[in-house]
Amino acid sequence: MKNKLIELVDLTKNFDDQQVLRGINLDIYENEFLTLLGPSGCGKTTTLRIIAGFEEPSSGQVLFNGIEISKLPPYKREVNTVFQKYALFPHLNVAENIAFGLNLKKMDKSVIAQKVERMLKMVGLSGFENRDVTLLSGGQQQRVAIARALVNEPKVLLLDEPLGALDAKIRKAMQVELKKIQREVGITFIYVTHDQEEALSMSDTVVVMNNGEIQQIGTPTDIYNEPENRFVASFIGESNIIEGTMIKDFLVEFDGNRFECVDKGFPENEPIEVVLRPEDLDIVSPEEAKITGTVRNITFKGVHYEILIETENRTYTVHTTDYAEVGRKVGLKLGPEDIHVMWKMGTY
Amino acid sequence: MKQYKHLLKPYIIWAAVLIVIPLILIALYAFTEEGNEVLTLSFTFDNFRKFAEATYVNVILKSFRLGLVTTVICLAAGYPLAFIISRSPERVQGLLILLVTIPEWINMLLRTYAWMNLLSDNGIINQLLGLLGIDPVTMMYTDFSVILGLVCNFMPFMVIPIYTSLSKMDHSLIEAAYDLGANRFQTFWKVIWKLSMPGVVNGIMMVFLLSISTFVIPKLLGGGQYMLIGNLIESQFISVGDWNFGAAISLILAVIILIFMHFMKKMDSQDD
């Protein structure tokens, strides 16, 4: 079993009269790549800053290896941060930036030089020692920032939207690289982003936040396939969200039809919401399906078509590689595993 | 940009008439003998030789010493002030900067006369001391009164550039230093101080230049016998009437200032 490294207990934070965090409870484990995901203003950055020590929580505890640290200044914590805009020291060159933390520890010059070299090699910037950091590209500055943080051998690396300022292509490459670095150094990464694709592709655990509260904690597959509520379902990927009733275990009703499903554990006749992912829906002939409608619009998206199908009760979004011309009567087929039942917002 | 080029012309003419031509005239005076007719110039180095006399060298040393002391005091008092202002809430910052600059709205002569009133032997400060049973202290016409006057007058020129460089500093750099293990003291010396160097250098240059070339404040607060380089130049032009010697001193001062500025600039660019 993995060891628990950081525990956030009932964390709240108020700025003036505004509550940014409303009781965050979260366990973070060793070697975990954990992502705090949510729209801007959801409290993810504040949570990160509390772990780093830049903010003090209004109430609640931050436990590090079981010891309360929420009053400890940042320079006494075994965590390091990669800042959103890198925050490299403009008056120091690449090597001096990376050596900043080591110099403070009064380490031997030759040891420092060695460690700096090793870090530069890891982030792919060997030979950049004497470069001026202000003249590096965004991607290179990013690597220096990561090296500067990791060279101190922290137990946890905090990353605050580190790829936000990079263009799409470099961002993709950096995602792969960050994941690789995390495996290589074998420490916990806590990553803050509003980009759901980034979160799903890099993380071991995704924490979806909204409005200062955690909405769901889970693996990327859990979060995508079994969203716990409407917010998570609509924030992660596209989805058709439909109100319905859970008749009993494995049987759900919506839009006047009953469907078999794989969900259980809800009270009988509980009002719920159903998530249907656009790529899970199949277009068939009207006779084969319980839901029928008319194609209203079709848009080519590259890999697939996005088709809007108008039915009696609502319009469904479907992603498929099959073509269906506008105006055609079609049926929508769903298997039990395509139906994801979730609690209605505010009822759990 | 090209279409605006002709807009520069008035400024070029302005600069030529009011800066370049007077400078040439000063140089001309400095290298010529007294009593020249416009057309019969006789060149000489006598004016510079005369300056090498101990009395005059002492004046320039005293000016530099005073300028140095004033600059050091302004820096020592102005940096913390600028630092505190830059760390205040934004609305308070504007107000505090206003408070720093408000004295500059009042004529310098008036401010200096006010100091004379405060500092004189039977001035307000000595009267207050008298109430406490302390004998009057002579403050006027000493180094103390002159330095006090200079510091009070030139403080904003130190505070404003330092404040500017501190307030535009990216706060995440300070957080990064904390994050990497620097305590408050280390963060200050290794990051904040280093990054505020351009402001510090500008402040030092401004205050030093203003205080070594001033003549009104030392004259009023230091008395008639208090001779600084500015007073020396003034007296050569106004009372002694030796324009040639006055011009030579001005030129020497200008050269010294240029050398000083060169070194300060060098120091600034090294820190980058």
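Which residues in α4(A) meet which residues in α5(A)? I started my notes with that, working on a predicted model.

**Entry 1: the helix pair α4 and α5 of chain A**

I listed the contact from both sides. From α4(A) come A:G139, A:Q142, A:R143, A:I146 and A:L150. From α5(A) come A:I170, A:M174, A:E177, A:L178, A:I181 and A:V185. I sorted these residues by kind and got 7 nonpolar, 2 polar and 2 charged.

Next I looked up the geometry. Helix α4 covers residues 138–150 of chain A and helix α5 covers residues 168–185. Their axes come within 12 Å and cross at roughly 15 degrees. Angles under 35 degrees count as roughly parallel, and α4(A) and α5(A) are therefore roughly parallel to each other. I noted the hand of the crossing as right-handed.

**Entry 2: strand β7 of chain A**

Is strand β7(A) mostly covered or mostly uncovered? I checked residues 156–160 and found it mostly covered, with 5 of its 5 residues buried.

I then asked which way the side chains go. In a regular strand they alternate between the two faces of the sheet. Here A:V156, A:L158 and A:D160 point one way from β7(A), while A:L157 and A:L159 point the other way. I note that A:D160 is buried along with the other four.

For the neighbours, I looked up the bridges. Strand β6 (residues 79–82) of chain A is joined to β7(A) by 4 bridges, and the two run parallel. Strand β8 (residues 188–193) of chain A also pairs with β7(A) in the parallel sense, over 5 bridges. A:L158 appears in both pairings: its bridge partner is A:T81 on one hand and A:I190 in β8(A) on the other.

**Entry 3: the open sheet of chain A**

In what order do the strands of the open sheet stand? I read β2-β1-β4-β5 in chain A, 4 strands with antiparallel pairing. β2 (18–29) and β5 (67–68) each have a single partner strand, so one side of each is left without a neighbour in the sheet.

I took the β1 and β4 pair for a closer look. Strand β1 (residues 4–15) of chain A and strand β4 (residues 59–64) of chain A run antiparallel and are joined by 5 bridges. As one point of register, I wrote down A:T12, which stands opposite A:S59 in β4(A).

I also checked what lies over this sheet. Helix α1 (residues 44–52) of chain A lies across β1, β2 and β4. Helix α1 runs at about 120 degrees to β1(A).

**Entry 4: the two chains as wholes**

For chain A I counted 8 helices and 20 strands. Its C-alpha trace spans about 80 × 45 × 40 Å along its principal axes. Of the 348 residues in chain A, 52% are buried. I looked at contacts in chain A with a separation of 6 or more, and 66% of them join residues 24 or more positions apart.

How many helices and strands does chain B have? I found 13 helices and 0 strands, so the pattern along the sequence of chain B is written with α alone. The C-alpha atoms of chain B fill a box of roughly 70 × 70 × 35 Å along the principal axes. Chain B has 272 residues, of which 40% are buried. In chain B, residues 24 or more positions apart make up 68% of the contacts with a separation of 6 or more.

Definitions and conventions: Residues numbered from 1 in each chain as written. Chains lettered and ligands numbered in written order. Heavy atoms only, no water. Pairing = 2+ DSSP bridges. Contact = heavy atoms within 4.5 Å. Axes fitted to C-alpha atoms, helices over the stretch in contact; angles between N-to-C directions. Parallel < 35°, antiparallel > 145°, perpendicular 65-115°, else oblique. Left-handed = near helix turned anticlockwise from the far one by under 90°. Nonpolar A, V, L, I, M, F, W, Y, C, P; charged D, E, K, R; others polar. Buried < 20%, exposed > 50% of the residue type's maximum accessible area, 1.4 Å probe, protein only.
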